[in-house]
Amino acid sequence: MSCDFECLSCDAANYKLMEKARNEKIETVWDRAEAMQPQCGFGEMGLCCTNCAMGPCRIVKVSEDGPKKGICGADEDTIASRNLARSIAAGSSAHSDHGRDIAHALYHAAKNPESGYKVKNHKKLISLAKEWGIDTENQDIKDIAANVAKTALEEFGKPFGNLRFIQRAPEDRKKIWNKMNVTPRAIDRDIVEVLHSTHIGCDADYRNIMTTAIRAALSDGWGGSMIGTELSDILFGVPEPHEIEANLGVLKEDEVNLVIHGHEPTLSEAILIAVNDPELIELAKKQGAEGINLVGMCCTGNEIAMRHGIPMAGNFFQQELAIVTGAVDAMVVDVQCIMPALSQVAKCYHTKLITTSPKAKIPGAIHMQFNEEEAIESAKRIVKEAVMNFKNRQGNIFIPQEKSKGFVGYSNEAIINALDKVTNSTAHPSGTVKPLADAIKSGVLRGAVAIVGCNNHKVLHDKGHVELAKELIKNDVLVVTTGCGAYACIKAGLMSKEARGLCGKGLATVCELVNIPPVLHMGSCVDISRILLLLSELAKFMNVDIKDLPVAGAAPEWMSEKALSIGTYVVASGVYTMLGVAPQVTGSDNLTRFLTNDVKDIYGGYFDIESDPKEAAKKIISCIEEKRKILSI
Amino acid sequence: MTLFDIIFTGSEQALEACKSVLEQTIKEYGENEKVSFPNTAYSLPTIYAATGQKINTLADLKGAIGVIESLIVKEQNLEKALNAGLATAVAAEVIEACKYVGGKNPYEEPCVGFIPDTVIRSLGVPLVTGDIPGVAVVIGEAPTAEDAAKVIKDYQSKGILVTLVGKIIDQAIESKVKMGLEFRVVPLGYDVTSVTHIVSFAIRAALIFGNIKPGDLPELLKYTKERVPAFVNALGPLSELVVSAGAGAIALGFPVITDQDVQEVPMNLIVQKDYDKLVQTSLEARGIKIKITEIPIPVGFAPAFEGERVRKDE
């Protein structure tokens with residue numbers, strides 16, 4: 001490695017494990033990123049097309065004499081926008097398939113007592129049933145749940161009409177979508193249409209390609225992701241605030257360490273029940289362990305942290321390092337953002353990498369299929385595998401002591417509950433976003449920013465998230481976060497009450513009154529739908545559109561196609577969105593201008609790119625202040 | 001105009017007024033003329049508590065202008081807005097101090113103006129024991145004298161010390177509210193700036209009972225917020241100056257409840273247009289809980305009536 005660890009990550013727990021990995025000749029994501037340099041310029045600019053067998057084609061921009069068109073005649077705008085659209089469709093499909101699984105799980109919970117799932121939040125179920133026009137009077141709760149699940153599943157492929165959740169958006173927003181013909185219809189259909197129109201010899205108009213892609217992205221945010229979040233809350237409970245621990249220091253030397261990694265709470269919730277099974281705990285003790293220590297990683301970790309206070313072990317770039325501790329007895333994974341490299345790392349230790357989804361197998365891993373129809377039984381088999389592996393630990397075990405505490409669990413319901421505490425019972429209504437609107441309108445809070453997204457070697461690990469969050473809270477901007485950004489923030493102490501000391505007077509006052517940290521953990525990546533709903537509520541309450549609100553989105557270290565889909569639906573929902581890493585579109589000046597400029601006039605939101613967190617904060621704050629001026633607040 | 005801009009405007013007005021009053025006073029008495037409030041060991045209490053500086057002469061008072069100016073920084077954030085509110089409080093104290101220059105007694109019955117140390121010391125014990133559960137600062141004018149009386153009497157019956165500023169004093173007189181320290185209804189003065197006398201009351205409470213060191217502004221603000229259960233009712237049309245003075249109250253930790261349309265700030269600036277709920281809203285906003293046993297008797301019953309004298313014609 002050419003430079004010190006400090007230039008690769010800003011998490012001290014990582015330095016020690018990176019050192020251990022280097023000594024033990026374990027290759028990590030940073031090594032592979034270095035080996036990849038320099039990365040291909042054609043791909044980086046989005047100018048390489050492999051959509052047919054006449055290709056691969058590439059557009060040469062750096063010299064006059066290179067090809068300016070693909071073999072079919074597609075130019076740089078067509079190729080770059082097709083590539084982007086396909087990425088957005090992939091991201092949307094990942095979230096949406098996740099949502100579909102949750103809907104299936106809800107259906108099994110209702111229809112099949114063997115599954116082990118039970119509907120936890122009846123209130124939210126009934127309210128959603130009513131929203132969808134499902135009969136709730138004198139109905140058995142299981143029938144209501146089954147009907148809600150079925151209705152949700154129909155959203156993926158219904159032949160006519162538009163997505164139901166679109167109705168939740170402010171009127172002005174719906175008008176814009178209708179006018180632009182991007183109102184999502186059925187989730188799978190909108191994704192398929194991107195794949196169709198980006199086939200060779202189909203759509204060649206970059207603006208039209210983006211229209212199709214935006215529709216597919218909206219069918220994620222206001223469809224698949226929203227279904228995933230809403231039904232997860234119904235099935236597993238609505239998150240409430242509580243304190244938890246985070247970072248790799250949550251692994252325990254004397255207990256069976258089971259790291260659950262991936263995305264879908266259907267698996268992690270079942271595993272959670274299984275690790276508390278007295279027989280399995282007894283079995284763990286027989287193997288010489290003190291107990292079973294379940295910890296989470298990435299978004300499935302966020303899900304069980306939000307709902308059950310399970311420690312958050314680490315984010316995307318820490319998945320290999322967790323195994324490098326030598327103390328992970330099993331890493332159980334389902335889908336999305338699971339590095340295939342894990343199986344190689346696991347081989348060097350006693351760790352069992354267990355894949356569970358038929359949608360995501362990894363060569364070298366043990367595959368133990370998880371079935372939603374008999375969730376708890378499947379989960380017990382998996383946990384037993386982890387427990388029986390404890391005695392195989394060997395050699396050099398090292399768990400870094402770094403861990404920090406913070407408050408998580410800020411669902412919209414929890415936020416409104418907290419806001420109710422600052423209303424005056426004789427002067428104000430309860431159960432509304434009024435206190436938030438008042439804090440923003442009065443100027444006590446300047447605005448709110450969602451920091452979301454992944455880790456990426458192109459940005460110093462976690463620094464993009466943490467530095468940006470610190471700059472914003474210092475300037476009285478409330479930060480909400482999800483995904484791997486949430487890990488970065490909690491590890492840096494930004495979800496603790498002490499973090500109020502880093503805030504401007506306005507935000508510090510709000511935090512004290514409402515009793516919240518300045519950075520609110522709102523969940524996993526599908527839970528960004530919570531943020532869309534919060535913005536909708538706020539916009540409706542203030543009688544404006546989402547695009548008028550003094551808010552912004554940021555993905556300082558994004559890397560996945562899901563992040564592209566998220567960014568796109570956020571922009572199309574009217575929000576200015578700052579990216580810390582440039583998307584692979586820069587080969588097309590027209591497409592780049594469309595994303596960073598033209599869309600502003602259409603949707604109100606637009607993309608901006610800035611990798612320096614301090615500069616990014618400046619731009620975000622000036623955008624927020626500009627919106628305040630327009631609103632005269 | 002943003003709420004913060006209204007505050008900044010009010011603070012600048014206070015600063016201008018303060019400069020011109022001071023200039024006039026210096027012209028009349030000369031720079032070496034003594035400045036003091038009657039019967040206090042704390043000089044000009046707001047300035048003393050905030051800066052640790054005692055003001056002795058009009059020349060010293062000119063120095064206070066710099067303090068006010070430094071507190072007005074027109075940046076759009078809460079910290080600067082609250083500082084501007086404090087600037088207004090300091091400006092008000094300078095203006096009020098000028099009224100007392102030359103040994104004059106500018107206030108006459110029923111207004112009391114500056115409240116001497118002895119009164120604060122005597123009220124200290126009932127404030128600590130909760131016998132006086134709160135201090136209401138009612139400023140401005142209610143829609144009718146009946147509304148004013150209803151609100152004042154409601155506070156009075158709960159043992160709350162009520163101070164009055166502005167036309168509400170006349171409304172109280174009109175509806176025959178009994179006034180005076182013994183009734184815990186204290187008219188301060190008709191000018192907005194006379195509100196400084198209750199501010200300096202709270203500040204001296206912090207110096208006397210909280211043992212706060214003069215000049216330690218953060219500790220002072222913490223003490224007033226946590227220990228002095230005061231709140232403001234701003235009634236009737238609000239000028240920029242009043243809003244700015246309200247920001248000063250909020251800086252001290254005192255919520256402002258108004259019957260006017262303003263941009264609310266959760267827990268700090270609350271609109272309540274229903275006079276029947278004004279008292280309840282105010283008490284809740286300041287976190288004042290009153291445990292009372294209602295005795296069904298046909299007259300008011302509260303410690304506020306303890307010092308009452310029944311005159312012949314009553």
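Here is a friendly talk between two people about a predicted model.

Colleague: Let's begin inside chain A. Why is Val259(A) called buried?

Modeller: Buried means under 20% relative accessible area. Val259(A) has 1% relative accessibility, so it counts as buried. You will find Val259(A) in strand β4 (residues 256-261) of chain A.

Colleague: Which residues is Val259(A) in contact with, leaving aside its neighbours within four places in sequence?

Modeller: They are Leu251(A), Val295(A), Met297(A), Val328(A), Ala330(A), Met331(A) and Val332(A). As for Met312(A), 53 residues away along the chain, its C-alpha atom is separated from that of Val259(A) by 9.6 Å.

Colleague: Now the loops. What makes Gln336(A) count as buried?

Modeller: The cut-off is again under 20%. Gln336(A) has 16% relative accessibility, so Gln336(A) counts as buried. Gln336(A) sits in the loop between β7 (330-333) and α14 (341-347) of chain A. Its phi is positive, about 70°, although Gln336(A) is not a glycine.

Colleague: And how do you know that Asp462(A) is buried?

Modeller: Its relative accessible area is 2%, so Asp462(A) is buried by the rule of under 20%. Asp462(A) also has a positive phi, near 75°, in a residue other than glycine. Look for Asp462(A) in the loop between β11 (447-451) and α18 (463-474) of chain A.

Colleague: On to the domains. Where do the domains of chain A begin and end?

Modeller: The domain assignment gives domain 1 (76-236), domain 2 (248-392) and domain 3 (410-631) of chain A. Between domain 1 of chain A and domain 3 of chain A, the C-alpha centres lie 23 Å apart. In contact there are 37 residues of domain 1 of chain A and 37 residues of domain 3 of chain A. These two domains of chain A, domain 1 and domain 3, bury about 3200 Å² between them, with 64% of it on carbon and sulfur atoms.

Colleague: Why is the pair Asp233(A) and Arg530(A) called a salt bridge?

Modeller: The rule asks for a side-chain nitrogen of Lys or Arg within 4 Å of a carboxyl oxygen of Asp or Glu. The side chains of Asp233(A) and Arg530(A) meet at 2.7 Å, N to O, so the pair fits the rule. Across the interface of domain 1 of chain A and domain 3 of chain A, the rule finds four salt bridges.

Colleague: Which helices supply at least two residues each to the side of domain 1 of chain A that touches domain 3 of chain A?

Modeller: Those are α4 (76-111), α7 (171-180) and α9 (206-236) of chain A. On that side of domain 1 of chain A, α9(A) gives the most, with 14 residues.

Colleague: Let's turn to chain B. What makes Glu264(B) and Lys434(A) a salt bridge?

Modeller: Their side chains meet at 2.5 Å, N to O, and the cut-off is within 4 Å, so the name applies. The rule finds two salt bridges across the interface of chain B and chain A.

Colleague: How many residues are in contact between chain B and chain A?

Modeller: There, 23 residues of chain B are in contact with 25 residues of chain A. The area buried between chain B and chain A is about 1900 Å², and carbon and sulfur atoms give 57% of that. In chain B, Leu78(B), Pro266(B) and Met267(B) lose the most area to chain A.

Key
Residues are numbered from 1 along each chain as its sequence is written. Chains are lettered from A and ligands numbered from 1 in the order in which they are written. This is a predicted model: local features need pLDDT of at least 70, side-chain atom pairs count only at pLDDT 80 or more; totals for chains, interfaces and linings use all residues. Side-chain values use heavy atoms; hydrogens and water are left out. Domain bounds come from an automatic or database domain assignment. Contact means heavy atoms within 4.5 Å. Buried area is the accessible area (1.4 Å probe) that two parts lose on being put together, summed over both. Helices (H or I, at least four residues) and strands (E, at least two) are DSSP runs, numbered from the N terminus. Buried means under 20% relative accessible area, exposed over 50%, partly exposed in between (1.4 Å probe, protein chains only).
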